[in-house]
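Student: I would like to take a close look at the salt bridges in this protein. Could you walk me through them, starting from the whole and working inwards?

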Amino acid sequence: MAASLWSGGLVSHRAAAALWGLDGSIRGRIEVTIPGSNSRSVHGIVQHRTQRLHLADHATVDGIPTTTIGRTLVDLGAVERTGRVQAALDHALRDGRVSLSILQAHLDRLGGHGRRGAGVLRNLLNDPELLYRPPASVFERTLVPQLARLNVPKPIRQYAVYDDEGFIGSIDFAWPQVKLGLEADSWEHHSKRGDWIHDRRRRNRMTSVGWHILHGTWDDTKNPENLARYIAAFFVRSTT
C-alpha cells in the first residue's frame, strides 16, 4: 500500500493479479503503475510509467489502490507468459468478476497504442478454440443485419423456456415461432465439470420440448454469413 500511495500510482501487473487472487498469480513482487514520466526509482519496486491511467482503471483491494481486474489482465500480457494470462482470464470470467464488454472497453481504449499486453489479451479473446462467450451486442451488430438481408425475422433476446418441471433457462436469441434458438458457446474447455453437466441437461430439456438450438462462437461474430445461412435455411424448412 505504501508503494502505491507514495508514488501516486496503482499496484498493477503481477502484483495486482496476486492481490485479486487470480489463478496463475504469485505473491511477492511489488509492481506499481505510475502516471506521468517523472518519478524516482525505489529499490525492490518495479515501476511502470504510463500516460494512460484512466479513472476506470482504479480500484481498491484490502485498502490498497490497485488496477481493476480488466486493466490488470491487459497489463499482465506484457510481463507474463500467455498461459498465465489465460489462467487469470479464465478465473475472472468464470467467477463473473469481469465481463467481456468491460475487457473490450479496456482494449478499445488501450490497445491501439503499442501496448503488447493488449495484443496478448486480444489474441486470447479472439481464439476460436477457447470459445469465450461473445457479448450479445457483438452478435446484434454482426449477425442480425445478415439475417435481415435473408428475410429472417428479428430474434427475441433472452427468451425464457419452460417445460412441465418449470423454468429451463433463457436463450440468448430465440425465434419461438419455429422453436429455434441461438446461444453463444463458452467454457467448453474451461468450465467446472458440474457446470458442463448442468449445461448438457439443460440442452436435453430444451430438445425434449421441441427446441432446436444452434451455437455461435467468437469466430461467428467475425464471419457471420455461414451462421446466418443456417438460420435462414431452418426457417425455410420450418415454414414450407
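Student: Before we zoom in, what does the accessible surface of the protein come to, and what percentage of it belongs to carbon and sulfur atoms?

Tutor: Happy to help! The accessible surface is about 12,400 Å², and carbon and sulfur atoms hold 51% of it; such areas come from the Shrake-Rupley method with a 1.4 Å probe, and for residues only the protein chains shown count as cover. Please keep in mind that this is a predicted model, in which local features need pLDDT of at least 70 and side-chain atom pairs count only at pLDDT 80 or more, while totals for chains, interfaces and linings use all residues. Residues are numbered from 1 along each chain as its sequence is written, and side-chain values use heavy atoms, with hydrogens and water left out.

The protein has 10 helices and 9 strands. These are DSSP runs numbered from the N terminus: helices are H or I with at least four residues, strands are E with at least two. Of its 240 residues, 48% are buried. Buried means under 20% relative accessible area, exposed means over 50%, and partly exposed is in between (1.4 Å probe, protein chains only).

Now to your salt bridges. The term stands for a side-chain nitrogen of Lys or Arg within 4 Å of a carboxyl oxygen of Asp or Glu. A search of the whole structure finds 7 of them.

Let us begin with glutamate 31 and arginine 14, whose side chains meet in a salt bridge at 2.9 Å, N to O. Glutamate 31 sits in strand β2 and arginine 14 in helix α2, so this pair links distant parts of the chain, 17 residues apart. Both of these charged partners are buried. Strand β2 also holds isoleucine 30, which counts as partly exposed because its relative accessibility is 39%. Isoleucine 30 has its C-alpha 5.6 Å from that of alanine 15, although the two are 15 residues apart in sequence.

Next comes helix α8, which takes part in two salt bridges. Aspartate 163 and arginine 205 meet at 2.7 Å, N to O. Their pair joins strand β6 (residues 156-163) to helix α8 (residues 193-208), 42 residues apart. Aspartate 163 counts as buried because its relative accessibility is 17%, whereas arginine 205 is partly exposed, with a relative accessible area of 22%.

The other α8 pair is arginine 202 with glutamate 183, with 2.7 Å from N to O. Here the partner of helix α8 is strand β8 (residues 180-184), and the two residues are 19 apart. Arginine 202 is buried at 12% relative accessibility, and glutamate 183 is buried too, with a relative accessible area of 10%.

Salt bridges can also join up: Asp57, Arg71, Asp75 and Arg109 are linked in a network of them.

One more charged side chain deserves a glance. Arginine 157 lies over the face of phenylalanine 173, 4.7 Å from the ring centre. For this, NZ of Lys or CZ of Arg has to be within 6 Å of the ring centre and within 35 degrees of the ring normal.
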